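Q: Please take a close look at one part of this structure and describe, step by step, how its helices are arranged and which residues are involved.

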Amino acid sequence: LSIPIGIGLGIWAALKKNKITDHVISTGVMILISVPSFVIGVLLQYYFAFKLNWVPWKVARGTDFTNNIWIGLSSYILPVVMLTLGGIAGLARLTRAELTEVLTSEFMLLCRTKGLNRRQSTIRHGIRNALVPIAPGLIGGLVGILSGAIVTEQIFQIRGIGQLYITAFTATSGTK
């Protein structure tokens with residue numbers, strides 16, 4: 001979820017550079033980058049489960065699929081949002097920076113000189129060249145999701161790979 005949303009927000013911010021849309025997206029990105037994921041998780045639980053009561057408290061604290069499949073699936077909404085927000089912020093910031101640099105480059109001026117309008121040159125040449133440095137970072141984002149899963153699983157009481165990491169760390173730290 002973070003890949004299309006983050007890249008889309010980054011493209012939108014770059015195309016609306018120095019306008020109110022760019023400032024709103026950039027401010028939101030900076031807030032999401034600066035707030036740790038465990039704080040976001042606790043705030044999601046507090047507001048959506050406790051204050052607004054949109055998600056039952058039992059579901060917000062993790063549930064098995066043994067009782068009801070829909071309750072089990074709904075218990076993953078808040079953890080997915082928690083894991084997605086950090087990826088959205090990083091990708092939006094990187095995409096905006098890369099596309100802004102590409103749009104001011106000389107070959108984009110050449111595209112416009114050859115007869116392509118702004119939209120055609122941006123879609124055909126600008127976005128394609130801006131995504132080249134972003135592609136390797138997507139693999140790093142996948143590793144970040146795995147490491148963020150440890151915190152997410154502890155906050156939302158989900159059994160998964162993060163629990164396996166903790167078990168492996170504690171088992172190896174006791175032996176010398």
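A: In this predicted model, helix H1 passes helix H6 in a right-handed crossing. Helix H1, residues 2-15, and helix H6, residues 77-103, pack at an angle of about 40°, and their axes lie 7 Å apart. On the H1 side the contact is made by residues including Ser 2, Ile 3, Ile 5, Gly 6, Leu 9, Gly 10 and Ala 13, while H6 contributes, among others, Thr 84, Gly 87, Ile 88, Leu 91, Arg 96 and Leu 103. Sorted by character, the residues of this contact of H1 with H6 comprise 13 nonpolar, seven polar and one charged.

Turning to another helix, H3 covers residues 37-51, and its 15 residues should span 21 Å at 1.5 Å a residue, which agrees with the 20 Å that separates its end C-alpha atoms. The buried residues of H3 are Ile 40, Gly 41, Leu 44, Gln 45 and Ala 49; because they cover an arc of only 135° around the axis, they lie on the same side of H3. This kind of pattern can be understood from helix geometry, since an α-helix has 3.6 residues a turn, so residues three or four places apart point the same way. The face of H3 turned away from its buried side carries the exposed residues Phe 50 and Lys 51, and just after H3, Asn 53 takes a positive phi of about 55°.

How values were computed
Residues numbered from 1 in each chain as written. Predicted model: local features only at pLDDT ≥ 70, side-chain atom pairs only at ≥ 80, totals over all residues. Heavy atoms only, no water. Axes fitted to C-alpha atoms, helices over the stretch in contact; angles between N-to-C directions. Helix = DSSP H or I, 4+ residues; strand = E, 2+ residues; numbered from the N terminus. Left-handed = near helix turned anticlockwise from the far one by under 90°. Contact = heavy atoms within 4.5 Å. Nonpolar A, V, L, I, M, F, W, Y, C, P; charged D, E, K, R; others polar. Expected span 1.5 Å × (residues − 1). Buried < 20%, exposed > 50% of the residue type's maximum accessible area, 1.4 Å probe, protein only. Arc of directions from axis to C-beta.
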